[in-house]
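Trainee: I'd like to learn how to read a fold from a model. Can you walk me through one?

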Amino acid sequence: MDITHEKPLTGRKFALIICSGFAVIIGANLTLAFQAIATFPGLETKNSYVASQSFEADRAAQLALGWDVSARHEKGELRLLIKQDGKPIAPKIRSAVLGRATHVADDQFPELRFDGAGFAAPVVLGAGNWNLRLIAEAPDGKLFRQRVIVDVMQ
């Protein structure tokens with residue numbers, strides 16, 4: 001005959017169970033919040049109101065250029081293609097920052113060189129989603145700003 005003595009669930013034990021559950025939840029939330037803040041790349045613009053005042057005019061000028069921009073990674077090289085009316089063009093690259101969408105720790109500043117068909121630069125990228133934050137200048141001085149997605153599969 002088996003005789004087992006079960007300990008009763010007292011108020012103290014119940015309070016300990018509830019407090020432990022809340023401690024786990026709060027600990028997980030704090031960990032996620034601190035990780036989110038630590039990896040936040042920062043502001044896109046210093047004053048969003050001022051930037052919004054010329055947004056539509058800048059966007060219309062950029063669309064009027066008629067540029068088709070794409071980028072890809074192949075064989076250790078970033079290829080940036082900028083076409084106008086289906087033909088490759090070589091605008092002045094003012095800024096090109098290649099990095100992850102979620103943090104700036106992996107940011108690279110590739111030196112893009114035009115080879116007649118497009119721009120190229122050697123880069124080392126891990127698998128996943130990368131963004132090329134591009135600022136180029138048209139011959140008439142208009143700035144072209146675009147975030148070009150580079151999907152790297154390995």
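Trainee: How many helices and strands does the chain have?

Mentor: We count DSSP runs, numbered from the N terminus: helices are H or I of at least four residues, strands are E of at least two. Here that comes to three helices and eight strands, and from the N terminus the order is α-α-α-β-β-β-β-β-β-β-β. With a radius of gyration of 26 Å, well over the 15 Å that the globule rule gives for 154 residues, the chain is more spread out than a compact globule. That radius is taken over C-alpha atoms, and the rule is 2.2 Å times the number of residues to the power 0.38. Along the principal axes, the C-alpha trace spans about 90 × 40 × 25 Å.

Trainee: What should I know about the model itself?

Mentor: It's a predicted model, where local features need pLDDT of at least 70 and side-chain atom pairs count only at pLDDT 80 or more, while totals for chains, interfaces and linings use all residues. Residues are numbered from 1 along each chain as its sequence is written, and side-chain values use heavy atoms, with hydrogens and water left out.

Trainee: Which strands form the open sheet, and in what order?

Mentor: Two strands pair if DSSP finds at least two bridges between them. In this chain, three strands make an open sheet ordered β4-β7-β8, with antiparallel pairing. β4 and β8 are the edge strands, each pairing on one side only. From one strand to the next the twist averages 20°, with axes fitted as lines to C-alpha atoms (for helices, over the stretch in contact) and angles running from 0 to 180 degrees between N-to-C directions.

Trainee: What about the register?

Mentor: Look at who faces whom. Eight bridges link β4 (residues 92-100) with β7 (residues 128-137), and A96 sits opposite L134. β7 then joins β8 (residues 143-152) over 10 bridges, with G128 opposite V152.

Trainee: Which turn residues have a positive phi?

Mentor: Two hairpins give examples. Between β7 and β8 there are five residues, and G141 in that turn has a positive phi of about 95°. β1 and β2 pair antiparallel over eight bridges, with E74 and E77 as bridge partners; two residues separate these strands, and K75 takes a positive phi near 50°.

Trainee: Where does the nonpolar core draw its residues from?

Mentor: In soluble globular proteins, nonpolar side chains tend to be buried together. A nonpolar core is a set of buried Ala, Val, Leu, Ile, Met, Phe, Trp, Tyr and Cys residues joined through side-chain atoms within 4.5 Å; buried means under 20% relative accessible area, exposed over 50%, partly exposed in between (1.4 Å probe, protein chains only). The largest one here has 24 residues, and W67, L80 and L132 have the most contacts inside it. β1 (67-74), β2 (77-84), β4, β6 (119-122), β7 and β8 each supply at least two of its residues. Leaving aside neighbours within four places in sequence, L132 is in contact (heavy atoms within 4.5 Å) with residues including A71, L80, V97 and V148.

Trainee: Which backbone oxygen lies 3.2 Å from a polar side-chain atom of R100?

Mentor: That of A127. R100 belongs to β4, and beyond four places in sequence its contacts include D106, D107 and W130.

Methods. Polar contact = N/O pair within 3.5 Å; in protein donor to acceptor, adjacent residues only side chain to side chain.
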